[in-house]
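Okay, everyone, thanks for coming. I'll put the structure up now and walk you through a few parts of it.

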Amino acid sequence: MSVVIWSDGALREPTDPLVTGVDHGLTVGDGVFETCAVYEGQAFALTRHLRRLRRSALGLGLGEPDLDEVRAAVDKVLAVAGDAGRLRITLTGGPGPLGSHRFDPEEQRQTLVVLAGPATRAQVSRVVRVPWVRNERSAVAGLKTTSYAENVVALAEAYRQGADEAVLANTVGALCEGTGSNVFVERGGELVTPPLSSGCLAGITRELLLEWGAADGLPVREAEPEELPYDVLDEVVAGDAHLLLSGSIRNIAPTVRVDAVDVAAGPLSLAAQRLFQEHVGRDLDP
Ligand SMILES: Cc1ncc(COP(=O)(O)O)c(C=O)c1O
């Protein structure tokens, strides 16, 4: 399928010009976004994604987004993109100055673009370690902004090495997250994920696995602040621990390679993957 696009009140052709060259999202990455999986023409966990979109917009200082408009746009797009696998919502500061400052809020009109397109899903993940870090003290830590250039560079390095994700430390050497995923380490009979204070995104998939795991008796929890150093990946390489990634398109994907080393998917990781799929099958807006 091709991409279905909604912008400024209507569906558009992929070749239509949509956004002005002075849009602050384009000039300085002043925007926020969400990506949801789409199953049977319905966006998965849309309510949680819209809640996070609002949190990101307010955190960035963009002002209150019109979530009714977003929902209406999502409905229009999905009505004609029944076989889509993913939905992307982008909200930017709109036309603005050429520098990083903004016009007064009443002078700036946000830009909203909603897209649906195909998705490829892999059951497993292959990761690399990279020398770049997530800044847990960044002004935008934890916000899902469109300033993703650091992720683009790190993911390009992963692809160069034949992997599909790069896993990052933060500035104090703690395990943080992937470029577009959260991480869980399986060791000592439990799955443990870095806390939000590590600077990782509050992933919806991560959040659901924590909730569903707790409800269904799967041992899964957030780590204590210094419990998961980046070096824990050495244990994964040595076979003393396992890794899994979570994210909206990949869902739960146990890791089968770290750098150049093949590693085994952990039994709890595989159980988490099954548990997640069962819950998705039961409720598309948990
Ligand atoms: C940096 C980052 N971390 C984690 C995630 C996973 O979040 P979610 O499960 O909400 O997709 C994403 C999603 O794209 C991301 O961009």
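So, what you're looking at is a predicted model. Let's start with helix 2, since there's plenty to see there. Its buried residues are Leu 46, Arg 48, His 49, Leu 50, Arg 52, Leu 53, Ser 56, Ala 57 and Leu 60. If you're wondering about the spacing in a list like that, an α-helix has 3.6 residues a turn, so residues three or four places apart point the same way.

What do the buried residues of helix 2 pack against? Quite a list: strand 3 (31-39), strand 4 (42-43), helix 3 (67-80), strand 5 (86-92) and helix 5. We can check the length of helix 2, too. It runs over residues 46-60, and at 1.5 Å a residue its 15 residues should span 21 Å; the end C-alpha atoms are 21 Å apart, so that agrees. Right after helix 2 comes Gly 61, with a positive phi near 85 degrees.

Now over to helix 5, which we just met as one of the packing partners of helix 2. Helix 5 has 13 residues, and from its first C-alpha to its last it reaches 18 Å, close to the 18 Å expected at 1.5 Å a residue. Its buried residues are Ile 204, Thr 205, Arg 206, Leu 208, Leu 209, Leu 210, Trp 212 and Gly 213. Helix 5 is also followed by a glycine, Gly 217, and here phi is positive, near 80 degrees.

Helix 5 has another partner to look at. Its axis (residues 204-216) and that of helix 7 (residues 267-282) come within 10 Å, crossing at roughly 95 degrees. That's why we can call helix 5 roughly perpendicular to helix 7. On the helix 5 side, the contact is made by Thr 205, Leu 208, Leu 209, Trp 212, Gly 213 and Asp 216; on the helix 7 side, by Ala 272, Leu 275, Phe 276, His 279 and Val 280. Sort the residues of that contact by type and you get seven nonpolar, three polar and one charged.

Okay, let's zoom out. The protein chain has seven helices and 15 strands. Its radius of gyration is 19 Å, close to the 19 Å that the globule rule gives for 286 residues, so the chain is as compact as a globular protein of that length. The C-alpha atoms fill a box of roughly 55 × 40 × 35 Å along the principal axes. Buried residues make up 50% of the 286. And if you take contacts between residues at least 6 apart in sequence, 72% of them join residues at least 24 apart.

For one example of residues far apart in sequence, go to Ser 100, in the loop between strand 5 and strand 6 (111-117). Ser 100 and His 24 are 76 residues apart in sequence, but their C-alpha atoms are 8.1 Å apart in space. Leaving out residues up to four places away in sequence, Ser 100 touches His 24 and Val 28. Is Ser 100 buried or exposed? At 63% relative accessibility, it counts as exposed.

Last stop: backbone angles. Most residues other than glycine have a negative phi. Asp 8, though, has a positive phi of about 50 degrees, and it sits in the loop between strand 1 (4-7) and strand 2 (10-12). Asn 251 has a positive phi as well, near 55 degrees. You'll find Asn 251 in strand 14 (residues 251-258), and at 4% relative accessibility it counts as buried.

That's my tour. Over to you.

Definitions and conventions:
Residues are numbered from 1 along each chain as its sequence is written. This is a predicted model: local features need pLDDT of at least 70, side-chain atom pairs count only at pLDDT 80 or more; totals for chains, interfaces and linings use all residues. Side-chain values use heavy atoms; hydrogens and water are left out. Axes are lines fitted to C-alpha atoms, for helices over the stretch in contact, and angles run from 0 to 180 degrees between N-to-C directions. Helices (H or I, at least four residues) and strands (E, at least two) are DSSP runs, numbered from the N terminus. Angles under 35 degrees count as roughly parallel, over 145 as roughly antiparallel, 65 to 115 as roughly perpendicular and the rest as oblique. Contact means heavy atoms within 4.5 Å. Ala, Val, Leu, Ile, Met, Phe, Trp, Tyr, Cys and Pro count as nonpolar, Asp, Glu, Lys and Arg as charged, and the others, Gly among them, as polar. The expected span of a helix is 1.5 Å times one less than its number of residues. Buried means under 20% relative accessible area, exposed over 50%, partly exposed in between (1.4 Å probe, protein chains only). The radius of gyration is taken over C-alpha atoms; the globule rule is 2.2 Å times the number of residues to the power 0.38.
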